[in-house]
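Me: Could you take me through a close look at one part of this structure, and then show how that part sits within the rest? I work with cut-offs every day, so please spell them out as you go.

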Amino acid sequence: MPQSAWTHHGAPLDEVKREVELSAGVNAVFLDFLDAAAPDAQYLVCDATHADASIVACSQAWLNVCGYRPEHVLGRPNCRFLQGPDTDYRSIAEMASSINAGHVCYASIVNYHRDGSKFVNKFVMGPLVDAAGAPRFYVSIHGTPSRELDWSLARSPVPCYRVSDLGSPEGSPASLQRQVRSSA
Ligand SMILES: Cc1cc2nc3c(=O)[nH]c(=O)nc-3n(C[C@H](O)[C@H](O)[C@H](O)COP(=O)(O)O)c2cc1C
């Protein structure tokens, strides 16, 4: 993860890494991405031990897309401030189920920039677990990163949800599909 103040804000990756089990499969996938994140990578890190999973780190590229400044989002509970009237409530419930289950979730849902304009936010989010296997942080990677997540690093199948918003240009109904990402 770039540690430059221009590209990364909030808790440094080293601090995050100290709190999680580095060898856990899903951690390996997300940490590998963050370790080598390009300056244009859009990502967020939330503290899973806070009641509402407040945002503890984010990239400048993600702020650029949403139109916020670091002081607007760091410490802010949850990402629901990005949602609005056209965000399908079922998608929100499905994301909540996925997070509560500790699963990886691919989402494509209607969100709003700070100026109120709408966009379809595509992202993948998942937990970074501690030594006991409990979520310590949640990470999300947004947009179309130049580098894919390398699922081969998980070494074992990872339960994965897919959430799609009724209001997205894809026109698909809000849906929840349960899948398993495997390293194969
Ligand atoms: C790391 C992470 C990133 C998230 N990013 C977004 C996002 O970009 N847009 C969004 O609408 N929800 C996002 N969410 C989901 C919301 O924060 C929240 O979990 C969802 O609205 C369901 O919870 P709620 O019913 O309490 O609102 C994210 C969640 C996590 C853990």
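Reply: What follows is a close look at one helix, then at its surroundings and the rest of the chain.

This is a predicted model, so local features are described only where pLDDT is at least 70 and side-chain atom pairs count only at pLDDT 80 or more, while totals for chains, interfaces and linings use all residues. Residue numbers start from 1 along each chain, following its sequence as written.

The protein chain holds 5 helices and 8 strands. These are DSSP runs numbered from the N terminus, with H or I over at least four residues for a helix and E over at least two for a strand. Read from the N terminus, the order is β-α-α-β-β-α-α-α-β-β-β-β-β. The part I picked is helix H5 (89–100).

H5 has 12 residues, and its first and last C-alpha atoms are 17 Å apart, close to the expected 16 Å (1.5 Å times one less than the number of residues). Its buried residues are Ser91, Glu94, Met95 and Ser98. Looking down the axis of H5, these buried residues fall within an arc of 100 degrees, so they line one face of the helix; the arc is taken over directions from the helix axis to the C-beta atoms. As a general rule, an α-helix has 3.6 residues a turn, so residues three or four places apart point the same way. On the face of H5 turned away from its buried side, Tyr89 and Asn100 are exposed. Buried here means that 20 or more other C-beta atoms lie within 10 Å of a residue's own, exposed means 12 or fewer, and partly exposed lies in between, with C-beta atoms placed from the backbone. Just after H5, Gly102 has a positive phi of about 75 degrees.

H5 also matters to the ligand's surroundings in a simple count: 4 residues of the shell come from H5, the largest share. Of the 20 residues around the ligand, the nearest are Cys79, Arg80, Ala96, Tyr138 and Ser140, where near means a backbone-placed C-beta atom within 6 Å. Alongside H5, the elements that give two or more residues to this shell are strands E2 (42–47), E4 (104–112), E5 (118–129) and E6 (135–142). The shell has 14 nonpolar, 5 polar and 1 charged residues, with Ala, Val, Leu, Ile, Met, Phe, Trp, Tyr, Cys and Pro taken as nonpolar, Asp, Glu, Lys and Arg as charged, and the others, Gly among them, as polar.

Now for the loop between helix H4 (70–73) and H5, which includes Leu74. Leu74 has 16 other C-beta atoms within 10 Å and is therefore partly exposed. Not counting residues up to four places away in sequence, Leu74 touches His9, Gly10, Ile55 and Val56; contact means C-beta atoms, placed from the backbone, within 7 Å. Asn78 is in this H4–H5 loop too, and has a positive phi of about 70 degrees although it is not a glycine. With 15 other C-beta atoms within 10 Å, Asn78 is partly exposed.

H5 has a partner of sorts far along the sequence: Glu94 and Tyr161 are 67 residues apart, yet their C-alpha atoms are 8.6 Å apart. Tyr161 belongs to strand E7, and counts as buried because it has 21 C-beta neighbours inside 10 Å.

Finally, the wider setting. The largest nonpolar core has 41 residues, and Phe30, Tyr43, Val45, Phe137 and Val139 touch the most other members. Such a core is a set of buried Ala, Val, Leu, Ile, Met, Phe, Trp, Tyr and Cys residues joined through C-beta atoms within 7 Å. Its largest share, 6 residues, comes from helix H2. The buried residues of H2 pack against helix H1 (13–18), E2, E4, E5, E6 and E7. Leaving aside neighbours within four places in sequence, Val139 is in contact with Phe30, Leu34, Tyr43, Val45, Met125, Gly126 and Leu128. Over the whole protein chain, 36% of the 184 residues are buried. Of its contacts with a separation of 6 or more, 60% join residues 24 or more positions apart.

Note on methods: Contact = placed C-beta atoms within 7 Å.
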